[in-house]
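Please open the structure in your viewer and keep the selection tool at hand. The tour below proceeds stop by stop, stating at each one what to select and what is found there.

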Amino acid sequence: MNHHIKYILFFLLGINLPVVFANEIVDNVVNIPFETYNDFIIVDLILAEKLPLKFIFDTGAESTIITKREIAEVLGLQYDKRFRILGADLTEIMYARRVKNVSILLDGMNTSRQNILVLEDDYFNFEEFLGLGIHGIMGMDMFENYVIEINYQRKFLTLTPKEHFKKPSKKFVKIPITVSKNKPYIDTKLVISRDTTLDLVFLIDTGASITAMIHNNTHPDLKIPDKSLEGNLGMGLGGKLEGYISIVPSFGFGNFQFDELLVNYMEVSEKQAEKKPMKYNGIIGNILLSRFHIIIDFSNSFIYLKPTRKYNKAFEFDKSGISVIAAGERLNRFFIQKPVVDSPSDMADIKRGDEIIRLNGRSWRFLNLSKINSILSKKEGKRIKMTIKRKEQQMKKEFYLRKIL
């Protein structure tokens, strides 16, 4: 897991995109397989009965979005209205076009028809940060009539029509949530010091490859800690997001608690916070959510959580101070993002724009972003040997992994 974390966050201003199902589901339960990649849930679908695509399953998104306008043009989809979208930084306004009644086929689920949005420009550039071609975001409007079960271990989404849902076993802990515009929010407790515990509201966001992100200035006591690292948090709708990385003494919800949790802080002014359609203080992302077997009952406003065997496993984070992006037609060239100041990679004179040629004996031909991030998240003290290319010159670099916070 690298420090420059990509996540998805956007707000639709005054948009209502209803879903119309072509057929009722015959069975009560539908299982949809997914794959995980860099802590995102990736689902295969067929759009307009023609084109197989990969979408990110995103409980933090209200509507389904095609991120690449070229796809809509190839399929000959017709736009009928233009919408404003507020970027993840809560300042930039962008635009998307609506396409009505588009066929979407998921494995194991009958075809549905729904209205979707097509971004006028690709503001995400998923390929760079995932090393995988991603074509859109699957929002919750598609599932508003279902109870959603997320089984991270078996890698299945299970959809149950809400009228057929039966409460799970007592092994699941039932926690109330707030549902606003098809998105789930949960009450949390954040300990920021020995004497200060805050009651906050966080968005449950499977479209976020993070543990948690805190929006400062959304509460009088929410300030960026003195002991934090400044950096690029990744890409949101509208471009790069700047922020900070720090550790909080404790963070939890229901009767679950995580101590000494490394989190992200995003700078949000009081004026920007007022623009939020729903007043909340941050986001819980997939790295934390994947510690549970999850059932979300939108219609009754409850979430059911059962810890998995990963629940008590230590969170692994990059100990090099760098992030890596993929480039090239096959996404098999790997370039360094700006290293964190005074991190092991920075001390080894690794710079932004350096291309990885070899990493711990592996040629770039046999690497991908997941393998690279895994190597850079090994135990403290692990020696990293890297050959990089800077302009036309190859250089050998060496450093040892260590915690940078």
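Select Asp 205 to begin: in this predicted model, Asp 205 is a buried residue without a salt bridge, and the nearest side chain of opposite charge, that of Lys 183, is 8.2 Å away. Asp 205 belongs to the loop that runs between strand S17 (196-204) and strand S18 (212-215).

Which backbone nitrogen does the side chain of Asp 205 reach at 2.9 Å? Add Gly 207 to the selection, for the answer is the backbone nitrogen of that residue. Next, add Gly 60, whose backbone nitrogen lies 3.4 Å from a polar atom of the Asp 205 side chain.

Now move to the loop between strand S4 (35-37) and strand S5 (40-47), and select Asn 38 there. Most residues other than glycine have a negative phi. Asn 38, however, is a residue other than glycine with a positive phi, near 50°. Is Asn 38 buried or exposed? Asn 38 counts as buried because its relative accessible area is 16%, which falls under the 20% limit.

Select Asp 39 in the loop between S4 and S5. Asp 39 is not a glycine either, yet its phi is positive, at about 70°. With a relative accessibility of 32%, Asp 39 is therefore classed as partly exposed.

For the final stop, select Arg 362, Lys 371, Lys 378 and Lys 382 together; these residues form a patch of positive charge on the surface. Within this patch, look at Lys 371, which is located in helix H6 (residues 369-375). Lys 371 counts as partly exposed because its relative accessibility is 37%.

Note on methods: Residues numbered from 1 in each chain as written. Predicted model: local features only at pLDDT ≥ 70, side-chain atom pairs only at ≥ 80, totals over all residues. Heavy atoms only, no water. Patch = residues over 30% accessible without salt bridge, like charges linked within 9 Å, V, L, I, M, F, W, Y side chains within 5 Å. Areas by Shrake-Rupley, 256 points an atom, 1.4 Å probe, with all protein chains shown as cover. Salt bridge = Lys/Arg side-chain N within 4 Å of Asp/Glu carboxyl O. Lys, Arg positive; Asp, Glu negative; His and termini not counted. Charge placed at Lys NZ, Arg CZ, Asp CG, Glu CD. Helix = DSSP H or I, 4+ residues; strand = E, 2+ residues; numbered from the N terminus. Buried < 20%, exposed > 50% of the residue type's maximum accessible area, 1.4 Å probe, protein only. Polar contact = N/O pair within 3.5 Å; in protein donor to acceptor, adjacent residues only side chain to side chain.
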